[in-house]
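Biologist: Could we go through this structure together? I would like to start with whichever part you find worth a look.

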Amino acid sequence: MKRSLCVAALVFLPAVVLAGSSYAQSDFYIRSQHINGGFTGSHEILTNPRKGYYEAQYCDRTFWVTSTTVAWTEEEVSAGRTLVLEENFGASRTIVCSDNKAFASLDDLGLKKREIEHLRETKGNFQTRASRLHNIRDAFKQFK
């Protein structure tokens with residue numbers, strides 16, 4: 001009996017671990033694009049809490065974001081750009097939400113009025129280093 005339990009654990013445990021790790025490999029990004037579809041930038045958002053991040057709703061789903069990401073999305077929308085929330089899993093992308101009216105705003109994060117004003121006054125400074133690296137990565141994807 002013990003041997004059969006051990007064999008079952010050896011057979012099924014790797015499958016469970018692999019399934020859990022492939023789920024964890026999925027990333028979520030808010031992508032900004034010009035009205036003609038040209039890519040302008042992106043910010044990664046998280047599915048789990050992290051220090052310095054705020055809980056936010058995007059199309060009735062809970063994510064964790066920085067206040068600068070939310071300020072950036074507000075700026076992109078006011079500039080007339082289109083925002084989409086997408087899930088990246090390896091090389092595939094799936095649009096989760098394309099209704100930027102259902103995206104969190106700075107007012108939704110529970111920040112103090114002074115913090116919100118400061119973030120809104122800092123226009124144009126939200127292109128993070130990570131986003132620049134993603135821009136470079138996306139530019140070279142066509143050469144694969």
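Modeller: Let us begin with C59, which sits in the loop between β3 and β4. Please keep in mind throughout that this is a predicted model.

Biologist: What is the phi of C59 near?

Modeller: Phi of C59 is near 50°, which is a positive value in a residue other than glycine. D60 belongs to the loop between β3 and β4 as well, and its phi is also positive, near 65°.

Biologist: Is D60 buried or exposed?

Modeller: D60 counts as exposed, with a relative accessibility of 76%. C59 counts as partly exposed, at 23%.

Biologist: Which residue does a disulfide join to C59?

Modeller: The partner is C97, with an S to S distance of 1.5 Å. C97 lies in strand β6 while C59 lies in the loop between β3 (54-58) and β4 (61-65), so the disulfide ties together parts that are 38 residues apart in sequence.

Biologist: And how many disulfides are there in total?

Modeller: The count comes to one disulfide.

Biologist: Is C97 buried or exposed?

Modeller: C97 is buried, at a relative accessible area of 4%.

Biologist: Let us step back. How many helices and strands does the protein chain have?

Modeller: The protein chain has four helices and six strands. Read from the N terminus, the order is α-β-β-β-β-α-β-β-α-α.

Biologist: How do strands β1 and β2 run?

Modeller: Strand β1 (residues 27-33) and strand β2 (residues 39-45) run antiparallel, and six bridges join them. Within this pair, S32 stands opposite G41 in β2.

Biologist: What lies between the strands in that hairpin?

Modeller: The hairpin of β1 and β2 has five residues between the strands, and G37 takes a positive phi near 95° there.

Biologist: Changing topic to charges: how many salt bridges does the structure hold?

Modeller: There are five salt bridges. One of them is between the side chains of E76 and R81, at 3.3 Å from N to O.

Biologist: How accessible is E76?

Modeller: E76 is buried, with a relative accessible area of 7%. Its partner R81 is partly exposed, with a relative accessible area of 24%.

Biologist: Which residue meets E86 in a salt bridge at 3.6 Å?

Modeller: That is R93, the distance being taken from N to O between the side chains. E86 is buried, at a relative accessible area of 4%, whereas R93 is partly exposed, at 36%.

Biologist: Which residue forms a salt bridge with D107?

Modeller: R120 does, and the closest N and O atoms are 3.4 Å apart. This pair links distant parts of the chain: R120 is in helix α3 (residues 113-121), and D107, 13 residues apart from it, is in the loop between β6 (92-97) and α3. R120 counts as partly exposed, at 34% relative accessibility, and D107 counts as exposed, at 52%.

Biologist: Which residues do shared partners join into one network?

Modeller: R31, E86 and R93 are joined into one network by salt bridges that share partners.

Biologist: Now for S67. Where is its place?

Modeller: S67 is in helix α2, which covers residues 67-78. S67 is buried, with a relative accessible area of 16%.

Biologist: What does S67 touch, not counting residues up to four places away in sequence?

Modeller: S67 touches Y54, L106, L109, L111 and L119.

Biologist: How much of the whole protein chain counts as buried?

Modeller: Of its 144 residues, 30% count as buried. The protein chain exposes about 9,800 Å², and carbon and sulfur atoms supply 56% of that area.

Biologist: And what share of contacts join residues at least 24 apart?

Modeller: The share is 55%, among contacts between residues at least 6 apart in sequence.

Biologist: Last topic: what is the mean pLDDT of the protein chain?

Modeller: The mean pLDDT is 79, and 67% of the residues reach 70 or more.

Biologist: Where does pLDDT stay under 50?

Modeller: It stays under 50 over residues 5-23, and the model has three contacts beyond four places in sequence for them. Where pLDDT is low, predicted coordinates should not be read in detail.

Definitions and conventions. Residues numbered from 1 in each chain as written. Predicted model: local features only at pLDDT ≥ 70, side-chain atom pairs only at ≥ 80, totals over all residues. Heavy atoms only, no water. Salt bridge = Lys/Arg side-chain N within 4 Å of Asp/Glu carboxyl O. Buried < 20%, exposed > 50% of the residue type's maximum accessible area, 1.4 Å probe, protein only. Helix = DSSP H or I, 4+ residues; strand = E, 2+ residues; numbered from the N terminus. Pairing = 2+ DSSP bridges. pLDDT = per-residue confidence, 0-100. Contact = heavy atoms within 4.5 Å. Disulfide = S-S within 2.5 Å. Areas by Shrake-Rupley, 256 points an atom, 1.4 Å probe, with all protein chains shown as cover.
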